[in-house]
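Welcome! Here is a short briefing to read with the structure open beside you. Take your time and find each place as you go.

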Amino acid sequence: DTSTMPPDTLVWPHFHNGCATGLRLRGAHKAVSASSSPAGGSCGRETPSRPSTPLIRRDWILYHYPTQPTPTSAGFLLALGLQGHLSALPMTDIFRFMSARHDPTTIAVLIGLAATYRGTMASSIVKMVSLHLAAILPSYTSGNEVSLPVQTAALVAVGLLYQGSCH
């Protein structure tokens, strides 16, 4: 019986249920060939490619996202990012998700976008992720507290964005 449990106890199970729902979407992608990498050299490794063009469009994502973020909707966003569908969203929509100040949604967007643009070192995504890493922000920005789970997600996102780039 979950009625006696504190509400915070069910945040991550709901997040993972939303992610599992999103991962049930089959690979709806159209392949995009990339002859050159925006990451520069390949350092002896396979050159990272651009994200493929998602067949799930922006309007579909926004239609299925609630007005108030929930852990389930955040998990769904993460699944869309893991499959590369977040490339359909312009930065204005990403900002709207991030400005909700909902930690599970912020975590999902950071890791989802990094997975979508894995190995590309996309500067706009790197800048957005960097805003959530307190260690690299100037000391005068300490008024903007970033939770430890969000900072951890941002660090994972940096690793995904720079994967295989030798940087």
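## Starting in a loop

Glutamine 83 counts as buried because its relative accessibility is 19%, and the cut-off for buried is under 20%. Keep in mind that the model you are looking at is predicted. Let us first stay with glutamine 83 and its surroundings, then step back to the whole chain, and then visit the helices and a few more residues.

**Glutamine 83 and histidine 85**

- Glutamine 83 sits in the loop that joins H3 to helix H4 (91-98).
- Follow the chain back to glycine 22: glutamine 83 is 61 residues away from glycine 22 in sequence, yet their C-alpha atoms are 8.9 Å apart in space.
- Histidine 85 also has its place in the loop between H3 and H4.
- Is histidine 85 buried or exposed? Histidine 85 is buried, because its relative accessible area is 0%.
- These two residues are linked by a polar contact, in which the side chain of histidine 85 meets the side chain of glutamine 83 at 3.3 Å.

**The whole chain**

- The protein chain has 167 residues, and 39% of them count as buried.
- Its secondary structure consists of 7 helices and 2 strands.
- Reading from the N terminus, you will meet the elements in the order α-β-β-α-α-α-α-α-α.
- Among contacts in the protein chain with a separation of 6 or more, 76% join residues that are 24 or more positions apart.

**How confident is the prediction?**

- The average pLDDT of the protein chain is 83, and 80% of the residues score at least 70.
- Which residues have a pLDDT that stays under 50? That stretch is residues 29-41, and the model gives it 28 contacts beyond four places in sequence.
- Where pLDDT is low, predicted coordinates should not be read in detail.

**Helix H3 against helix H5**

- A pair of packed helices is described by two things, the angle between the axes and the distance between them.
- Helix H3 covers residues 71-82 and helix H5 covers residues 103-116; their axes come within 7 Å and cross at roughly 5°.
- H3 and H5 are therefore roughly parallel to each other, since angles under 35 degrees count that way.
- On the H3 side, the contact includes Pro71, Ala74, Leu77 and Leu78, while the residues from H5 include Pro104, Ala108, Val109 and Ile111.
- Sorted by class, the contact of H3 with H5 has 10 nonpolar and 4 polar residues, and no charged residues.

**Helix H5 against helix H7**

- H5 also packs with H7, at an angle of about 5° and with the axes 8 Å apart.
- H5 is therefore roughly parallel to H7.
- Among the residues making this contact are Asp103, Thr106, Ile107 and Leu110 of H5, together with Pro149, Val150, Ala153 and Ala154 of H7.
- The contact of H5 with H7 has 12 nonpolar residues, 1 polar residue and 1 charged residue.

**Histidine 132**

- You can find histidine 132 in the loop between helix H6 (123-130) and helix H7 (148-161).
- Histidine 132 is buried because its relative accessible area is 16%.
- Which backbone oxygen does the side chain of histidine 132 reach? The partner is the backbone oxygen of methionine 128, at 3.1 Å.
- Leaving aside residues up to four places away in sequence, histidine 132 touches Met98, Thr106, Leu110, Val146, Val150, Gln151 and Ala154.

**Histidine 14**

- Histidine 14 belongs to helix H1, which spans residues 11-23.
- Histidine 14 counts as partly exposed because its relative accessibility is 35%.
- Not counting residues up to four places away in sequence, histidine 14 touches Pro71 and Thr72.
- Histidine 14 and glycine 75 are 61 residues apart in sequence, with 7.7 Å between their C-alpha atoms.

**Two positive phi angles**

- Arginine 101, in the loop between H4 and H5, has a positive phi of about 55° although it is not a glycine.
- Arginine 101 is exposed because its relative accessible area is 65%.
- Methionine 121 lies in the loop between H5 and H6.
- The phi of methionine 121 is also positive, near 55°, in a residue other than glycine.

Terms used:
Residues are numbered from 1 along each chain as its sequence is written. Side-chain values use heavy atoms; hydrogens and water are left out. Helices (H or I, at least four residues) and strands (E, at least two) are DSSP runs, numbered from the N terminus. Buried means under 20% relative accessible area, exposed over 50%, partly exposed in between (1.4 Å probe, protein chains only). Contact means heavy atoms within 4.5 Å. pLDDT is the predictor's confidence in each residue, from 0 to 100. A polar contact is a pair of N or O atoms within 3.5 Å; within protein, one must be able to donate a hydrogen and the other to accept it, and residues adjacent in sequence count only if both atoms are side-chain atoms. Axes are lines fitted to C-alpha atoms, for helices over the stretch in contact, and angles run from 0 to 180 degrees between N-to-C directions. Angles under 35 degrees count as roughly parallel, over 145 as roughly antiparallel, 65 to 115 as roughly perpendicular and the rest as oblique. Ala, Val, Leu, Ile, Met, Phe, Trp, Tyr, Cys and Pro count as nonpolar, Asp, Glu, Lys and Arg as charged, and the others, Gly among them, as polar.
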